[in-house]
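Work through the following exercises with the sequence and the structure side by side, and try each task before reading its solution.

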Amino acid sequence: MSAALELTNVDAGYGQFMALRNVSIRVEPGEAVALVGANGVGKTTVARVASGLVRPTAGRVVANGRDLTGRAPHAFVRAGIAHAPEGRSVFATLTVEENLRLSFRRHFGARGVERALTSAFERFPVLAGRREVLAGQLSGGQQRMLSIARVVVESPAVLIADELSLGLAPIVVTEIADQLRRLREAGTALLIVEQQLGHALALADRAVLLERGSVAWEGPSAEAGDHVIARTFVRSRNGGTDASVRSDGDAGGSTRE
Ligand SMILES: Nc1ncnc2c1ncn2[C@@H]1O[C@H](COP(=O)(O)OP(=O)(O)OP(=O)(O)O)[C@@H](O)[C@H]1O
Ligand SMILES: [Mg+2]
C-alpha cells in the first residue's frame, strides 16, 4: 500500500545551510506520527518539505503514490496534504469568516468557497459562533482552531500540525488534541510536531526523533518513553516552551546516555 506521505533520503536547507540530512519519514494512511526533537533540530523544516514550502536538494517526497518532489505548495494541497504552520498563521485584522474565505479561495478557487465554509463551520462550531469576530481578538486557542480550520477542509489525507499547542493553557491543549483525534477518526493521517510530548505521544502510533537534522530514533510511541524524552529535552534550550511531560518518567534525563 502507498504511504499517505513519504519523505525518502531528503536533504534540505536554507541557502548554504543544510537543515536536514538524509531524512526518511513514512506516514501510513490514517496513521498518527509524532515528530519530536529539541529546538532547532529541523522539525519545522520537515513540515515545510512535506507541504512543498521548502524544496529538497536531494531525495523525494511522495504522497499517496504521487511524486510531488519539486512541485509547488498547491500541488501538495491537491494531493490531500494540509499544513497548519508554526506560529500564529491567521490575519489578525480580518474576521474569522474572511480568514477562512481567503484560504479557501486560494486552495479551491472561488467556486469552492461556500462549500468549504459550510463544512468548516460544521466541524468547528466554536468558530461558527464567532464568524464576525476579528481573528486578532480570538483567544490563542481559538486562533489555533482557526489555523486548523483553514487547512482541513473535507478530511485531508494528511494533516501536518506544527506546534499547535505552543503557549496554550493545558485545557485548550486538550481541546486541540481532541480535535486532532476526531480528524484522525475521520481518516486523516497526522504528522504532529509537538513540544508537549505527553499529548503528542498519546495521540501518535509512532514517534520519530530528530537530532541535528537527521532521524536519530524511531519506533512505537509507547516505547518512546524516557529514551526520546531525555534526548529531546536534555539538549534543548531552557526557553519558553516548557515541555509538559505527562508520560512516565521525568524530563530530567535519568537515562541520559
Ligand atoms: N527561514 C530560515 N532561514 C534560514 N535558516 C532557517 C530558517 N528556518 C529555520 N532555519 C534554521 O534551520 C534549522 C532548523 O530549524 P527548524 O525551524 O526546522 O527547527 P525546529 O526543530 O522546528 O525548531 P523549534 O523546536 O525551535 O521550532 C535551525 O538551525 C534554524 O535556525
Ligand atoms: Mg519548529
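**Exercise 1.** Decide whether Leu168 is buried, partly exposed or exposed, and then describe its surroundings in this predicted model.

*Solution.* Begin with the count of neighbours: Leu168 has 18 other C-beta atoms within 10 Å. A residue needs 20 or more to be buried and 12 or fewer to be exposed, so Leu168, with its 18, is partly exposed. Next, place the residue in the chain, where Leu168 belongs to the loop between β7 (158-162) and α7 (170-185). Finally, look for its partners: leaving aside neighbours within four places in sequence, Leu168 is in contact with Gly140, Gly141, Arg144 and Val173. For one of these partners, Arg144, the C-alpha atom is separated from that of Leu168 by 9.3 Å, although the two residues are 24 apart along the chain.

**Exercise 2.** Carry out the analysis for Leu203: which class does its neighbour count give, and which residues does Leu203 touch?

*Solution.* Leu203 has 20 C-beta neighbours inside 10 Å and therefore counts as buried. In the secondary structure, Leu203 is found in helix α8 (residues 197-203). Not counting residues up to four places away in sequence, Leu203 touches Ala32, Ala177, Leu180, Arg181, Leu190 and Ile192. As a further step, take Glu31, which is 172 residues away from Leu203 along the chain, and note that the C-alpha atoms of these two residues are separated by 9.9 Å.

**Exercise 3.** Two of the partners found for Leu203 are Leu190 and Ile192; find out what part these two residues have in the largest nonpolar core.

*Solution.* The largest nonpolar core has 73 residues, and both Leu190 and Ile192 are among those with the most contacts inside it, together with Leu35, Ala50, Ile81, Val158 and Leu191. To see how such a residue is surrounded, follow Leu191, which touches Leu5, Val27, Val33, Leu35, Ala50, Val158 and Ile160 when residues up to four places away in sequence are not counted. For the chain as a whole, 43% of the 257 residues count as buried, and among contacts between residues at least 6 apart in sequence, 64% join residues at least 24 apart.

**Exercise 4.** Compare how helices α1 and α4 are buried, using the residues of each helix that count as buried.

*Solution.* Start with α1, in which Lys43, Thr45, Val46, Ala47, Arg48, Val49 and Ala50 are buried. Seven of the eight residues of α1 are thus buried, so this helix is largely enclosed by the rest of the structure. Then turn to α4 (residues 113-123), whose buried residues are Ala116, Ala120 and Arg123. Seen down the axis of α4, these buried residues fall within an arc of 65°, so they line one face of the helix. On the other side of α4, Glu114, Thr118 and Glu122 are exposed, while what covers the buried residues includes α3 (96-108) and α6 (140-151).

**Exercise 5.** Determine which residues are around ligand 1, and which element gives the most to this shell.

*Solution.* First list the shell, which consists of Tyr14, Phe17, Ala19, Gly37, Asn39, Gly40, Val41, Gly42, Lys43, Thr44 and Thr45. Then sort these residues by class, which yields four nonpolar, six polar and one charged. Finally, assign them to elements: β2 (17-27) and α1 (43-50) each supply at least two residues, and α1 gives the most, with three.

**Exercise 6.** Find where Asn64 and Arg212 lie, and establish what their phi angles are.

*Solution.* Asn64 is in the loop between β4 (58-63) and β5 (66-67), and its phi is near 50°, a positive value in a residue other than glycine. Arg212, in the loop between β9 (206-211) and β10 (214-220), is not a glycine either, and has a positive phi of about 40°. The neighbour counts inside 10 Å are 18 for Asn64, which therefore counts as partly exposed, and 14 for Arg212, which therefore counts as partly exposed too.

**Exercise 7.** State what the mean pLDDT of the chain is, and where pLDDT stays under 50.

*Solution.* The mean pLDDT of the chain is 85, and 88% of its residues reach 70 or more. Over residues 234-257, however, pLDDT stays under 50, and for this stretch the model has 39 contacts beyond four places in sequence.

Key: Residues numbered from 1 in each chain as written. Chains lettered and ligands numbered in written order. Predicted model: local features only at pLDDT ≥ 70, side-chain atom pairs only at ≥ 80, totals over all residues. Core = buried A, V, L, I, M, F, W, Y, C linked by C-beta atoms within 7 Å. Contact = placed C-beta atoms within 7 Å. Helix = DSSP H or I, 4+ residues; strand = E, 2+ residues; numbered from the N terminus. Near = placed C-beta within 6 Å. Nonpolar A, V, L, I, M, F, W, Y, C, P; charged D, E, K, R; others polar. Arc of directions from axis to C-beta. pLDDT = per-residue confidence, 0-100.
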